[in-house]
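Q: I'm new to this one, so could you walk me through a few places in it?
A: Gladly; here it is, and we can take it piece by piece.

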Amino acid sequence: TAMSSELLVDLSEDPATAQLGQLTLATIEDREWPADESPLSKSDTDLSHEPGSPHLPWDHPFYDIARHQIIEVAGQASLFTRSAIINGSRMPPQHQLDHHKLLMYLKGTLDQYVESDYTLIFFHHGVTSEKKPSLGWLREAYREFDRKYKKNIKALYIVHPTMFIKTLILFKPFISFKFGRKINYVSYLSELEDVVKCDQLLIPAPVKEYDKKLRASMKPSSQPPMSPPHSPPLPNQVFGVSLQLLRHRSSDDDCVPVVMRDTICFLSEQGLEIEGIFRRSANVTLVKEIQHRYNSGETVQFSETEDVHLAAVILKTFLRELPEPLLTYKLYNDIVNFSSVPSDSQVTAMKALVESLPEENYESLRYLITFLVQVSDNSERNKMTNSNLAVVFPNLLWGQDNAMTLSAIGPINNFTRTLLDQHHLVFP
């Protein structure tokens, strides 16, 4: 399925996401409890819970929904936006699931993202007739998702769609034309790779197996291309290459990669007073074109494009595609648990952590933070305070298994905000 080249992309996060709780659940022992028949109050729909807790508590109003792991959020899964994932194969039969409560849980999840760009991915395989929601529920769901949910959803990807769901959406008895244009059918997981890092999605095993069977049943001549295997970097490749290798290639042993220097120099001159800098989108075609030029060894002049938001997206994309995050996997646990450090010792502890980084990481981090402080110094014009910047730069750190849980987003954001607040002490 061809993906629209008009899709706007970015990793724009809103400050409201800074204190998110964990929404996904590990496999845990099932418990029995009385059904919650009372109407859901506003406090009931609050999905937050104790910081650092790996699960929703078993007595949480949404525990009986969340335990199925029907809805998950990939903190960094999309190439350009956060992705909310609905796993059809994990839906229990209709009589075992309160569909209204499921809808409220989905809304509560998306409430953390609707002020920024996000994508929605629906893995349709496994939705059997006994699991299928009624047409009335689908109509209710569409009505419940008012403009605040619809305006920033960049795309809805339906993976492994059946003829039934295509026919249902084709007639669109209740779906607007504008929203209908955001719906994309994805026949194979390999096609999803164009817009999503599939290795960072928690794709259910039945979906992967079904995808393999679909491929195996096709004639070799008509099979879609497989995702390219990991291979050694090209001679001039810049994106997806380690900082150490980039420094080794540099003619002057520069610790700061050329992409960071190019984008930050341009943004320092042209972007400091642009409102919403780092929260706006850029066209996917232009982003891929700039990446290709860098990876081909070409010199890129952002002054030629005069597109501040394109440069901002390229900087964030470069950091996100590093094989290891700028703050390294080694510091992941220390940073996620940094809030437990006494406040009067945090600067000393942070300085020690940062100075333990490899030289390339340290110098690149200092270069980036120095620039971001410039951005926040102009926050009256650009609206980007240290707290806002900490939210739109979660790509300084992620988990080694590429499944950074939502419970870690808050602590990572807080660490980044403190780093910006105390930069003059951390980087003497």
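Q: Let's start with Lys208: where is its place?
A: Keeping in mind that this is a predicted model, Lys208 sits in helix H8, which covers residues 205-216.

Q: And is Lys208 buried or exposed, or something in between?
A: Lys208 has a relative accessible area of 41%, and because buried means under 20% and exposed over 50%, Lys208 counts as partly exposed.

Q: What is Lys208 in contact with, apart from its neighbours within four places in sequence?
A: With those neighbours set aside, Lys208 is in contact with Leu189 and Ile203. As for Tyr188, 20 residues apart from Lys208 along the chain, the two C-alpha atoms are separated by 9.6 Å.

Q: Switching topic, how do the axes of H10 and H16 cross?
A: The axes of helix H10 (residues 258-270) and helix H16 (residues 359-377) cross at roughly 15 degrees and come within 11 Å. Because angles under 35 degrees count as roughly parallel, H10 is roughly parallel to H16, and the crossing is left-handed.

Q: Which residues make that contact?
A: From H10 there are Met260, Arg261, Ile264, Cys265, Leu267 and Ser268, while H16 brings Ser364, Tyr367, Leu368, Phe371 and Gln374. By class, the contact has 7 nonpolar, 3 polar and 1 charged residues.

Q: You mentioned Cys265; how many disulfides does a search of the whole structure find?
A: The search finds 0 disulfides. Cys265 is partly exposed at 40% relative accessibility, whereas Cys255, at 10%, counts as buried.

Technical notes. Residues are numbered from 1 along each chain as its sequence is written. This is a predicted model: local features need pLDDT of at least 70, side-chain atom pairs count only at pLDDT 80 or more; totals for chains, interfaces and linings use all residues. Side-chain values use heavy atoms; hydrogens and water are left out. A disulfide is a pair of cysteine sulfur atoms within 2.5 Å. Buried means under 20% relative accessible area, exposed over 50%, partly exposed in between (1.4 Å probe, protein chains only). Helices (H or I, at least four residues) and strands (E, at least two) are DSSP runs, numbered from the N terminus. Contact means heavy atoms within 4.5 Å. Axes are lines fitted to C-alpha atoms, for helices over the stretch in contact, and angles run from 0 to 180 degrees between N-to-C directions. Angles under 35 degrees count as roughly parallel, over 145 as roughly antiparallel, 65 to 115 as roughly perpendicular and the rest as oblique. A crossing is left-handed if the near helix is turned anticlockwise from the far one by less than a right angle, and right-handed if clockwise. Ala, Val, Leu, Ile, Met, Phe, Trp, Tyr, Cys and Pro count as nonpolar, Asp, Glu, Lys and Arg as charged, and the others, Gly among them, as polar.
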